[in-house]
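Q: I am new to this structure and would like a close look at a single part of it. Please start at one spot and build the picture from there, explaining the terms as you go.

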Amino acid sequence: MIKFTLNGTEVETDAPATLRLIDLLRDEFQLIGSKEGCGDGECGTCSVLVNTLVQNSCLIPIGAMEGAEIVTIDGFCESEQFKLLSECYSEAGAVQCGYCIPGMVMASAALLSKNPHPTEDEIREGISGNLCRCTGYNMIVDAIDLAAK
Ligand code: FES
């Protein structure tokens with residue numbers, strides 16, 4: 001049995017330790033906000049926070065999650081920080097097709113929690129693990145910059 005905290009609630013699972021976290025989240029817990037894109041650690045659409053660090057859930061076997069604190073976009077969207085980021089993404093026109101956005105928002109949250117007033121270079125570094133297939137990076141950077149003000 002693997003136990004961890006998921007969006008603020010203690011949970012446990014008897015799923016195989018090698019199961020990918022993205023599959024556990026989506027299939028067992030029906031938390032479908034985190035998307036699978038590449039399935040290979042390249043695109044960041046599956047990003048979640050693990051112990052406050054942004055991580056690709058497609059690369060994590062759940063056996064490594066014992067005792068971890070995991071936050072997904074599904075839980076994060078209840079927070080005041082999400083409300084602010086949502087408003088700033090909207091104001092900056094940062095959402096196009098939207099597929100990358102859950103991962104981008106989690107990367108934004110991780111960045112701002114460590115560095116509340118990042119420079120543009122720091123913002124670009126903070127989202128460097130997340131790909132936007134619409135290539136709308138400038139608006140996403142603007143959105144994070146707005147949220148930091
Ligand atoms: Fe996990 Fe692309 S689906 S990084």
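**From one loop to the sheet and its surroundings**

A: Asn7 sits in the loop between strand 1 and strand 2; here helices (H or I, at least four residues) and strands (E, at least two) are DSSP runs, numbered from the N terminus. A word on what you are looking at: the model is predicted, so local features need pLDDT of at least 70 and side-chain atom pairs count only at pLDDT 80 or more, while totals for chains, interfaces and linings use all residues. Residues are numbered from 1 along each chain as its sequence is written, and side-chain values use heavy atoms, with hydrogens and water left out.

Back to the loop. The phi angle of Asn7 is near 50°, a positive value in a residue other than glycine. With 25% relative accessibility, Asn7 counts as partly exposed; buried means under 20% relative accessible area, exposed over 50%, and partly exposed in between (1.4 Å probe, protein chains only). Asn51 shares these features: its phi is also near 50°, again positive in a residue other than glycine. This second asparagine is found in the loop between strand 3 and strand 4, and its 45% relative accessibility makes it partly exposed.

Now for the strands that these loops join. Five strands form an open sheet in the order 2-1-5-3-4, with mixed pairing; two strands pair if DSSP finds at least two bridges between them. At the edges are strand 2 (9-13) and strand 4 (53-56), each of which pairs on one side only. From one strand to the next, the twist averages 40° (axes are lines fitted to C-alpha atoms, for helices over the stretch in contact, and angles run from 0 to 180 degrees between N-to-C directions). Strand 3 and strand 4 run antiparallel to each other and pair over four bridges. To see one partnership, find Val48: its bridge partner in strand 4 is Gln55. Helix 1 packs on this sheet, touching strand 1, strand 2, strand 3 and strand 5 (69-71), and its direction makes about 100° with that of strand 2. Contact means heavy atoms within 4.5 Å.

From helix 1, follow the chain into the loop that leads to strand 3, where Ser34 lies. Ser34 is buried, with a relative accessible area of 0%. Apart from neighbours within four places in sequence, the contacts of Ser34 are Ile22, Arg26, Thr45, Cys46, Ser47, Val48, Thr72, Ile73 and Asp74. Val48, whose partner in strand 4 is Gln55, is thus one of the residues that Ser34 touches.

Next, the aromatic rings. There are two aromatic pairs in the structure (rings of Phe, Tyr and Trp, the last by its six-membered ring, pair if their centres lie within 6.5 Å; planes under 30 degrees apart count as stacked, over 60 as edge-to-face and the rest as tilted). In one pair, the ring centres of Phe4 and Phe29 are 6.3 Å apart and the planes stand at 75°, so the arrangement is edge-to-face. Because Phe4 lies in strand 1 (residues 2-6) and Phe29 in the loop between helix 1 (21-28) and strand 3 (47-50), the pair ties together parts that are 25 residues apart in sequence. Phe4 is buried at a relative accessible area of 3%, whereas Phe29, at 22%, is partly exposed. Phe76 and Phe82 also form an edge-to-face aromatic pair, with 6.1 Å from centre to centre and 90° between the planes. Of these two, Phe76 is buried at 7% relative accessible area, and Phe82 is partly exposed at 21%.

Gly75 is found in helix 2 (residues 73-76) and is partly exposed, with a relative accessible area of 22%. Gly75 and Leu146 are 71 residues apart in sequence and 23 Å apart in space, C-alpha to C-alpha.

One more ring deserves a look. Arg133 lies over the face of Tyr99, 4.7 Å from the ring centre; a charge sits over a ring if NZ of Lys or CZ of Arg is within 6 Å of the ring centre and within 35 degrees of the ring normal.

Finally, the cysteines. The structure holds zero disulfides, a disulfide being a pair of cysteine sulfur atoms within 2.5 Å. Cys97 is in no disulfide, and its nearest cysteine sulfur, that of Cys134, is 3.7 Å away. Cys97 is partly exposed at 45% relative accessible area. Cys134 is likewise in no disulfide and is partly exposed at 26%.
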